[in-house]
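Me: Please pick one part of this model and look at it closely with me. I'd like to see how its pieces pair up, and then how that part sits in the whole chain.

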Amino acid sequence: QQGESGSPSHEIEGIGISLGADGFVRHNVALWVNGHVGAVTGAVARSEEMSGRLSQVQGSYRSLAGGAAFVVSTVKLTMMAGLGLFAAGAEWEGQPSGRPVDTHGTLAGVVSSLRLDYTLRNGFFLGIGIDAGAGIAGGSAVAGQRDPAGDWLAIYIPLGWTY
């Protein structure tokens, strides 16, 4: 989450697992849903009093998104580009310089999704996906801000079968 000048801002990094599904509703249009959960592996905290990367970071994150996508498909390659809504949350703690930081944040807004898959003959597919969103932030990570806003970025590797 990002704050306005002079107010606190936080940036977190993590690694986890994703689960999703998509299905065609028309020839080139699909509805999709996905969720990401995992561990926070890094964090940066900035405020008027301090700024820096936290050490000994522990925490977790989760998100849920859904929307519609335009789909272009050949026999082996499929590309999806879509828009939707998302909600995300995280809790993390760490130490910037001896003083522990224990915080949480939420984020809800609009997300764009881009995915490219390669399908093998047996229907198994492997790809790359990117979800990028922006929205309104909440929680202790943005306490005291007038207009808290933030952004979300998830890069993932989709695996599965197509029917």
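**Strand pairing and the core**

Reply: Let's start with a single pairing: Ala45 stands opposite Gly52 in E3. Strand E3 covers residues 51-53, and E2 and E3 pair in the antiparallel sense over three bridges. Strands here are DSSP runs of E at least two residues long, helices are runs of H or I at least four long, and both are numbered from the N terminus; two strands pair if DSSP finds at least two bridges between them.

A word on the ground rules. This is a predicted model, in which local features need pLDDT of at least 70 and side-chain atom pairs count only at pLDDT 80 or more, while totals for chains, interfaces and linings use all residues. Residues are numbered from 1 along each chain as its sequence is written, and side-chain values use heavy atoms, with hydrogens and water left out.

Back to E2, which has further partners. Strand E1 (residues 9-26) runs antiparallel to E2 over 17 bridges, with Ala43 in E2 as the bridge partner of Ile12. E1 and E2 make a hairpin with two residues between them. E2 is also joined to E4 by eleven bridges, again in the antiparallel sense; there, Gly35 has Leu64 of E4 as its bridge partner.

Further along, E5 and E6 pair antiparallel over 18 bridges, and Leu77 is matched with Tyr118 in E6. E6 pairs with E7 too, antiparallel over 14 bridges, where the bridge partner of Leu107 is Ala137 in E7. These two strands form a hairpin with four residues between them, and Gly123 in the turn has a positive phi of about 95 degrees. For the chain as a whole, the tally is zero helices and nine strands.

What do the strands build together? The largest nonpolar core has 24 residues, and Trp32, Leu54, Met80, Phe86, Trp92 and Trp152 have the most contacts inside it. Strands E2 (29-46), E4 (55-73), E5 (77-95), E6 (101-119) and E8 (149-156) each give two or more residues to this core. A nonpolar core is a set of buried Ala, Val, Leu, Ile, Met, Phe, Trp, Tyr and Cys residues joined through side-chain atoms within 4.5 Å. Buried means under 20% relative accessible area, exposed over 50%, and partly exposed in between (1.4 Å probe, protein chains only).

Trp152 deserves a longer look. Not counting residues up to four places away in sequence, Trp152 touches His36, Tyr61, Ser63, Phe86, Ala88, Leu107, Asp131, Ala132 and Gly133; a contact is a pair of heavy atoms within 4.5 Å. Aromatic pairs are rings of Phe, Tyr and Trp (its six-membered ring) with centres within 6.5 Å; planes under 30 degrees apart are stacked, over 60 edge-to-face, and the rest tilted. By this rule there are two aromatic pairs. The rings of Tyr61 and Trp152 have centres 6.1 Å apart and planes at 55 degrees, so this pair is tilted. Tyr61 lies in strand E4 and Trp152 in strand E8, so the pair ties together parts that are 91 residues apart in sequence. Tyr61 is buried because its relative accessibility is 13%, and Trp152 counts as buried at 15%.

Phe124 and Trp161 form an aromatic pair that is edge-to-face, at 5.1 Å centre to centre with 70 degrees between the planes. This pair links distant parts of the chain, 37 residues apart: Phe124 in strand E7 (residues 124-138) and Trp161 in strand E9 (residues 159-161). Phe124 is partly exposed, because its relative accessibility is 24%. Phe124 also contacts Thr119, which, leaving aside neighbours within four places in sequence, touches Lys76, Phe125 and Thr162 as well. Thr119 sits in strand E6 and is buried at 12% relative accessible area.

One backbone detail is worth finding on your screen: Gln56, in strand E4, has a positive phi near 50 degrees although it is not a glycine. Most residues other than glycine have a negative phi. Gln56 is exposed, because its relative accessibility is 62%.

Finally, how confident is the predictor? The chain averages a pLDDT of 87, and 90% of the residues score at least 70. Over residues 1-6 the pLDDT is below 50, and this stretch has 23 contacts in the model beyond near neighbours in sequence. The pLDDT is the predictor's confidence in each residue, from 0 to 100.
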